[in-house]
Amino acid sequence: MSYGGAHEQSFWTRYVWSQDHKVIAIQYSITAIFVGLVGLVLSDLMRLQLGFPGKFHFIDASVYYQYITMHGMIMVVYLLTALFLGGFGNYLIPLMVGARDMVFPFLNMLSYWFYLLAVLILLASFFVPGGPTGAGWTLYPPQAILQGTPGMQWGIITMLVSLVVFIVAATMGGLNYVTTVLQARTRGMTLMRMPLTVWGIFTATILALLAFPALFVSGVMMLFDKTLGTSFFMPAIVSMGQHLTHQGGSPLLFQHLFWFFGHPEVYIVALPAFGIISDLISVHARKRIFGYRMMVWAIIVIGGLSFVVWAHHMYVSGMHPYFGFFFATTTLIIAVPTALKVYNWTLTLWRGDIHLTVPMLFAVGFISTFVIGGLTGLFLGNVSVDIPLSNTYFVVAHFHMVMGVSPVLAVFGGIYHWFPKVSGRMYDRLLGRLHFWITFLGAYLIFFPMHYLGILGMPRRYYAYDNYAFIPPSAQSLNEFITIVALFVGATQLLFLLNLAWSSFRGELAGGNPWDAASLEWFTPHTPPGHGNWGEETPVVYRGAYEYGIQDGDSDYLPQNSPPEQARGAPAGWSPLPGGGGKS
Amino acid sequence: MVLALALILIVVAALEFHYMSPWWLTPIASNWQQMDDALLLTFVITGVAFVVINLFVAYALVRFRHREGVRASADHGSSKLEWSLVIATSIGIIAMLAPGLSVYAKLISPPADAMVFEVMGQQWQWHYRLPGKDGKLGSTDVRHIGAANPFGVNPDDPTGQDDLLVDGQEIHVPLQRPVKVLLRAQDVLHDFYVPQFRTRMNMVPGMVTSFWFTPTAIGRYEVMCAQLCGIGHFNMRSHVVVDDAADYARWLAAQPTFAASLAAPAEPGRQGRLLAQSRGCMACHSVDGSASAGPTWKGLYGKSEVMTDGTAIKVDDAYLRESINNPGAHIVKGFPPIMPEQQFSPADLAALVDYIKKL
Amino acid sequence: MRSSLYLVPDQAGVDPGVANRRTGLWVFMGVVAMLFFLFSCAYVMRMGLPDWRPLPRAPWQLWLSTALLAAAGVAWRRAVVGWGCVLSLAFLASQLWAWRAADFALDANPANSFFYLITGLHALHVAGGLMVAVGARRSQAGIQLCARYWHFMLALWLAMFGLLFWVTPRFVQIVCDAF
């Protein structure tokens with residue numbers, strides 16, 4: 001397939017029904033950010049109730065539980081997963097491996113439209129009779145489909161159908177990302193020369209392909225229990241005084257299936273973030289990533305281990321107690337490769353040449369917030385320490401730090417970093433810094449104190465805390481404070497969107513490689529990259545993606561695709577592969 | 001520079017907050033001091049990591065900030081350093097895991113002589129049952145669950161006849177005696193959580209789960225549901241009272257048996273009261289005048305209530321029947337529109353209305 | 001896979017599309033295998049609960065299904081597209097026939113529910129394969145990939161057939177005791 005000549009393309013085939021991975025990536029990103037804003041507003045509404053209980057009459061208990069459920073599901077699945085895999089993955093993988101596009105462009109396009117459909121179905125649940133489900137994002141039966149839970153008629157059905165459609169979309173996209181990395185790397189691009197962003201997204205995609213089926217299984221079985229009266233998860237129940245016809249099902253079966261998906265899901269979000277941060281730190285500190293090989297192995301080991309830790313979400317579920325020993329052990333083991341990655345990021349900064357650009361600010365912010373989020377995971381992974389903390393605000397603070405704050409900082413850092421490549425222009429630096437400081441400090445103010453409310457024993461998913469003797473009035477004041485900070489930080493995100501929008505049209509022209517980065521995506525002949533990415537010939541790669549810290553010569557880095565001195569006049573049969581000569 | 005300062009500030013503020021925080025563990029009232037010890041050890045180890053890593057980054061940001069003419073080092077890693085860090089981290093992990101698992105082993109091994117009581121969770125209230133003089137709890141089955149028999153005790157089982165069914169939402173336990181709590185649920189998942197006891201467990205319909213502890217401090221402790229169970233989840237309240245031996249014996253003697261409850265003479269409004277309990281009404285409507293999610297029933301009959309649209313309605317039989325069958329028709333001003341719709345047979349409806357009238 | 005790892009785009013005569021589709025199909029089969037593995041886990045776990053009643057004997061139509069699916073696989077392997085499609089449609093029809101003959105009430109007991117769920121999803125995957133096959137029928141390579149998918153569907157069918165009718169709580173007990 002030659003990309004030299006121009007195809008005839010209409011507006012519709014270029015920007016709407018596009019099969020170009022870059023357009024699809026932007027479609028995914030815009031949709032994900034839009035639905036993320038909905039999730040953000042939902043969190044503001046929740047915080048209004050927690051900070052000022054009873055003052056906002058339209059937020060009653062039923063509506064509150066609907067807010068928390070939709071907020072959680074939107075953020076975890078429809079924002080973070082879609083943005084990292086469909087947004088970053090689609091844009092960066094072909095460019096970083098030197099391919100012209102994804103290997104199945106038509107399937108890739110379908111994947112976006114199925115994702116959009118899933119989002120629309122999810123949003124439709126706000127308008128169905130009874131409103132959206134209020135069962136918590138974990139959708140545990142029996143309560144998810146019984147009286148007493150909001151949305152138990154149409155809301156839960158809409159939610160489950162939306163998830164099934166999302167899983168189809170994710171599978172279509174996932175097939176593309178995995179196959180492209182395995183098959184479409186350009187000459188010289190061995191697996192061990194790929195940037196860590198690709199490794200992170202690639203591994204996360206494999207996790208997604210293997211973990212989402214568990215959500216599919218549990219979702220379909222719950223749909224059957226709800227609509228066809230089966231008893232996969234429903235034991236004999238007396239609900240509101242009525243004996244139901246279900247019997248013999250196991251609510252714990254759902255939990256095992258859900259968390260078999262749910263735990264890898266958090267690594268589906270974290271691994272791409274890890275990869276992106278490695279790239280940001282390396283580029284902006286002008287230094288090779290410390291221990292590239294171990295960083296790759298750490299990603300793979302974390303991915304593998306993520307499948308054997310799931311029941312740490314179930315320590316107080318009533319499952320067989322012996323499982324507690326096993327899962328506490330595996331969970332604490334997974335901390336080791338994760339810690340190694342943190343050490344390697346900090347060691348990359350050591351003896352670096354650190355430029356505190358906006359992407360670097362966010363990368364450092366990531367390290368700090370991920371460290372605290374990960375450390376609190378050690379409390380919750382250790383079974384006996386978890387028991388009093390389970391289902392309290394300690395858990396809420398932990399997962400927000402480690403899923404809601406640090407990966408989002410990685411998203412922001414990544415967007416600022418690659419914005420010049422995508423748009424050809426530079427973002428406004430002042431707005432970017434302001435955005436960073438408010439978000440970073442605000443996140444600490446919101447979530448750090450929250451841990452202590454959990455240690456006190458305040459349960460999560462409570463609409464109100466009236467008249468509990470063990471809760472001091474100061475806890476309510478703290479909730480008020482957190483609400484005010486959260487509202488302020490939430491509003492600040494508009495600055496980010498304004499910056500992107502304005503800079504796309506009026507930003508200062510950035511050139512092809514404003515960061516002097518070494519990885520392939522910065523060496524497209526045009527910026528923004530054109531259809532087919534590379535012009536007449538795809539690039540040839542001679543080295544890894546992190547050749548910074550070059551001591552002699554004009555430049556402190558070596559691009560992946562610049563030929564080595566020896567290659568001019570290389571013997572016949574010389575190959576860009578590692579090992580250099582002869583065999584190919 | 002500023003970023004480095006911010007990181008240092010965060011470390012200092014975090015440490016200060018930790019030591020000054022008014023929000024900390026409730027005073028422990030059970031034998032599980034070791035769980036608190038494991039928690040504190042975890043705080044120490046993770047606290048050190050938090051401080052060291054943030055300060056290291058802060059230092060690096062200053063020391064290795066960009067300066068003209070200075071390039072980053074060509075360094076690309078050190079296997080030796082990485083493996084040393086892996087080993088150090090593993091030691092830290094083992095230091096936390098070992099005590100944690102050792103406490104866990106004790107947590108899952110109740111003593112053979114522990115006394116027993118059973119908690120039955122229901123949307124959105126608690127029921128407590130104790131074995132009677134025979135020391136055995138009667139067998140149960142979901143088939144037997146009804147308004148008058150929330151535990152589903154098998155009426156044909158002789159061991160169940162003397163079981164004590166606690167009257168009200170407060171369970172007492174004697175000081176210093178190990179107790180194994182058996183947990184069941186009628187409808188959805190619940191969780192029996194008393195922060196002062198530290199240990200707790202989910203309550204799963206179709207299963208009996210358990211946990212054990214020894215109460216070590218006299219007092220009255222709040223029980224909270226800690227597993228989302230519907231819209232009344234936040235208001236599912238109860239109390240555990242730890243008594244000395246004498247008080248406990250007195251309390252125990254006053255609890256009615258299952259047999260007595262079956263044979264109970266019909267107190268006026270009994271059927272209605274049992275219905276109100278079994279159908280979840282009590283979760284939101286109090287009978288003693290106290291405020292709750294819904295209007296109190298005390299003195300309700302005959303009152304004139306103002307609705308959200310400003311109209312006033314006199315509470316008579318017709319209004320009560322409408323409120324029960326079609327809760328959305330009129331909402332009393334100042335209350336949220338969250339009452340679920342339920343079906344009642346004409347006899348049950350009449351009994352319930354009758355009960356409310358007499359309060 | 002060495003030769004397919006380092007592609008040289010724009011080089012005449014080498015069609016990277018074939019290698020891509022081959023890899024893509026392996027990945028997809030991995031995902032589907034995982035899906036049915038998880039259903040099997042759910043089935044075995046549910047089997048452990050006290051109210052389990054095993055399925056009665058397999059309706060004979062399911063044996064017919066097996067033969068039809070195997071034959072369809074052979075047809076694809078021999079690149080006889082017409083027979084491949086017809087036999088696959090016959091497979092789907094025989095599944096429907098088996099459903100009607102079985103006359104298990106869907107919600108009567110958990111094993112029944114699993115029967116419909118698992119065979120239904122398997123049939124959906126065969127149907128999906130048929131739709132893709134219609135698109136791929138013109139290329140030799142495409143037909144071979146269809147054959148591979150059909151063999152996979154057969155292997156999956158045999159595994160699920162075995163699971164539903166021959167894996168009993170006793171069998172699971174024996175296997176677990178062996179560890």
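These questions and answers walk through parts of a predicted model.

Me: Which element gives the largest share of the side of chain A that touches chain C?
Reply: The contact takes 33 residues from chain A and 28 residues from chain C. On the chain A side, α5 (155-183), α6 (196-227) and α7 (251-284) each give two or more residues. The largest share is nine residues, and it comes from α6(A).

Me: By class, how many residues on that side of chain A are nonpolar?
Reply: The side of chain A that touches chain C has three charged residues and 11 polar ones. The nonpolar count is 19.

Me: How many residues of strand β5 of chain B are buried?
Reply: β5(B) covers residues 179-185. The strand is mostly covered. Of its seven residues, the buried ones number five.

Me: In which sense do β5(B) and β8(B) pair?
Reply: Take the other partner, β1 (residues 115-122) of chain B, for contrast: seven bridges join β1(B) to β5(B), and these two run parallel. There, B:Met120 stands opposite B:Arg184. With β8 (residues 209-213) of chain B, β5(B) has five bridges, and B:Val179 has B:Phe213 as its bridge partner. The sense of the pairing between β5(B) and β8(B) is antiparallel.

Me: Is A:Tyr322 buried or exposed?
Reply: A:Tyr322 lies in helix α9 (residues 322-349) of chain A. A residue with 12 or fewer other C-beta atoms within 10 Å counts as exposed. A:Tyr322 has 8, so it is exposed.

Me: What separates the C-alpha atoms of A:Tyr322 and A:Leu520?
Reply: Along the chain, the two residues are 198 residues apart. In space, their C-alpha atoms are separated by 50 Å.

How values were computed
Residues are numbered from 1 along each chain as its sequence is written. Chains are lettered from A and ligands numbered from 1 in the order in which they are written. This is a predicted model: local features need pLDDT of at least 70, side-chain atom pairs count only at pLDDT 80 or more; totals for chains, interfaces and linings use all residues. Two residues are in contact if their C-beta atoms, placed from the backbone, lie within 7 Å. Helices (H or I, at least four residues) and strands (E, at least two) are DSSP runs, numbered from the N terminus. Ala, Val, Leu, Ile, Met, Phe, Trp, Tyr, Cys and Pro count as nonpolar, Asp, Glu, Lys and Arg as charged, and the others, Gly among them, as polar. A residue is buried if 20 or more other C-beta atoms lie within 10 Å of its own, exposed if 12 or fewer, and partly exposed in between; C-beta atoms are placed from the backbone. Two strands pair if DSSP finds at least two bridges between them.
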